[in-house]
Amino acid sequence: MTQIPTFALRLAALRAQFGQPAAPAVAAALQSLSLSRAVLLATPGHAAQAQDMAARIGAGVVAVLPMAAMHTPVEVTLAALPLVLAAKADALISFGGGSVTGLGKALALRTGLPHIAVPTTHAGSEVTGILGQTEAGRKTTLTDARLQPQVVIYDPQLIASLPADITLTSALNALAHAVEALYAPDRNPLTTTLALQGAQVLIAALPKVLENLHNLTARADCQYGGFLCGLVLGQVGMGLHHKLCHTLGGSFGLPHAQTHAVILPHAVAYNEAAVPDLLAPLAAILGAQTAGQGLHALAQRLNAPLSLQALGLREDDLDRAADLATQTPYPNPRPLEKPALLALLHAAWAGQPPQTRGSHG
Ligand code: NAD
């Protein structure tokens with residue numbers, strides 16, 4: 001007898017708008033929500049663009065705070081909070097990548113203010129109720145429905161200035177969310193559909209963007225693909241790939257986005273040995289025999305980082321990395337066996353193609 005599928009969906013109340021210039025879209029969103037005293041958040045490096053954006057949105061913006069920092073340090077949130085209160089703000093607008101979205105979420109949680117996100121990378125944070133923040137050098141993660149921005153505005157023109165290397169790593173980061181959603185234990189038919197569609201759109205559009213960074217149609221497609229990948233991140237737990245990236249970033253100081261790019265084909269090939277059927281649709285999208293091989297070929301074709309050695313990891317550190325990655329248990333379709341993980345890390349360190357189905361320890 002076939003089993004009846006059981007699952008529950010968590011859908012956020014979210015309005016996402018695609019393909020239009022951000023400033024009038026933000027002004028319209030403020031008006032439709034009867035908001036008139038928004039504070040616009042950005043990074044110090046984008047202060048001039050933030051002032052320009054505020055001027056174009058118009059009278060609804062009462063202050064610009066270009067103070068967001070990488071990985072959302074709690075000190076920055078606590079420094080911004082009195083400024084938001086002093087401005088008598090009734091809304092928050094985050095204008096930037098995941099770091100700025102994070103500040104918007106951290107302030108929304110503390111103030112209860114509505115949050116309009118205008119993302120300028122493919123991080124996907126704008127469509128999740130998740131906040132990663134750092135305190136005394138330690139990263140912690142919070143999940144709370146109040147963290148979910150109410151309105152998200154995707155303007156392809158704004159992302160056209162994103163340099164090729166950040167475009168690539170940011171999009172591969174988004175792709176990693178979709179890929180791990182395919183075998184997440186809490187996946188459901190909707191997350192699988194969103195993940196495959198997100199992967200397909202990103203994989204088709206990314207080469208076109210890298211060929212011409214100002215191809216706005218392909219930029220808009222990447223935004224839509226990244227949005228779909230972000231939606232699944234907000235709904236299912238991540239596995240081996242994310243654990244390895246956090247271990248390599250947290251304990252060995254490797255750069256977050258580039259590490260994701262190197263590890264993804266290897267982590268997928270590792271899990272493909274256990275759940276080939278769940279990854280077969282991704283292999284088909286990639287036009288490859290296996291998803292791991294297809295992701296490696298894609299990374300090669302797009303000139304993505306391929307080796308942990310090039311990112312500065314020492315070969316001597318691989319053993320400790322394998323130990324750390326197996327220490328705390330977390331859901332993964334294939335058991336975490338140290339010899340097989342070590343083989344995976346060695347291949348990723350050397351920039352070799354991933355070991356395919358059944359060839360790991
Ligand atoms: P980021 O926001 O730090 O931006 C990366 C770099 O790109 C910065 O130097 C920024 O100034 C620059 N940049 C951004 N937009 C640009 C543009 N349009 N043109 C030129 N330069 C631009 O990085 P990110 O990759 O967007 O986000 C990473 C952060 O987001 C991490 O802290 C990560 O933990 C978090 N994140 C959170 C979630 C979540 O659901 N909570 C999801 C994904 C990522």
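The paragraphs below lead from the domains of this predicted model to its sheet, its nonpolar core and a few individual residues.

The domain assignment divides the chain into domain 1, residues 15-159, and domain 2, residues 164-359, and the centres of domain 1 and domain 2, taken over C-alpha atoms, are separated by 28 Å. To the contact between them domain 1 gives 15 residues and domain 2 gives 16 residues. About 1,400 Å² is buried between domain 1 and domain 2, with carbon and sulfur atoms giving 68% of that area.

We turn next to the sheet. An open sheet is formed by 6 strands, arranged in the order β1-β8-β5-β4-β2-β3 with parallel pairing; its edge strands are β1 (15-18) and β3 (61-66), each of which pairs on one side only. From one strand to the next, the twist averages 15 degrees. Towards the β3 edge, strand β2 (residues 38-42) runs parallel to β3 and is joined to it by 5 bridges, and here Leu-41 stands opposite Leu-65 of β3. Helix α2 (residues 47-57) packs on the sheet, where it touches β2, β3 and β4 (91-96), and its direction makes about 170 degrees with that of β3. Helix α4 (residues 98-111) also packs on the sheet, touching β2, β4 and β5 (115-119), with a direction that makes about 165 degrees with that of β4.

The nonpolar interior can be followed from here. The largest nonpolar core comprises 49 residues, and those with the most contacts inside it are Leu-172, Leu-175, Leu-279 and Leu-282. At least two residues of this core are supplied by each of β8 (151-154), α6, α7, α8 (216-233), α10, α11 and α12, and the core draws at least three residues from each of domain 1 and domain 2. Leu-175 shows how such contacts reach along the chain: leaving aside neighbours within four places in sequence, Leu-175 is in contact with Ala-199, Leu-202, Ile-203, Cys-229, Leu-264, Leu-295 and Leu-298.

Two of these partners, Leu-295 and Leu-298, are among the buried residues of helix α12 (residues 291-301), which also include Ala-291, Gly-292, Gly-294, His-296 and Ala-299. The cover over the buried residues of α12 includes α6 (164-181), α7 (189-211), α10 (256-272) and α11 (276-286). In an α-helix there are 3.6 residues a turn, so residues three or four places apart point the same way.

Some individual residues complete the description. His-256 lies in helix α10 and counts as partly exposed because its relative accessibility is 35%, a value between the limits of 20% for buried and 50% for exposed. The C-alpha atoms of His-256 and Lys-243, which are 13 residues apart along the chain, are separated by 12 Å.

The backbone also deserves attention at two loop positions. Most residues other than glycine have a negative phi. Lys-88, although not a glycine, has a positive phi of about 50 degrees; Lys-88 lies in the loop between α3 (74-86) and β4, and is exposed, with a relative accessible area of 63%. Asn-303, just after α12, likewise takes a positive phi, of about 60 degrees. Asn-303 is found in the loop between α12 and α13 (318-327), and Asn-303 counts as exposed because its relative accessibility is 67%.

Methods: Residues numbered from 1 in each chain as written. Predicted model: local features only at pLDDT ≥ 70, side-chain atom pairs only at ≥ 80, totals over all residues. Heavy atoms only, no water. Buried < 20%, exposed > 50% of the residue type's maximum accessible area, 1.4 Å probe, protein only. Helix = DSSP H or I, 4+ residues; strand = E, 2+ residues; numbered from the N terminus. Contact = heavy atoms within 4.5 Å. Pairing = 2+ DSSP bridges. Axes fitted to C-alpha atoms, helices over the stretch in contact; angles between N-to-C directions. Core = buried A, V, L, I, M, F, W, Y, C linked by side-chain atoms within 4.5 Å. Domains from an automatic or database assignment. Buried area = accessible area lost by both parts, 1.4 Å probe.
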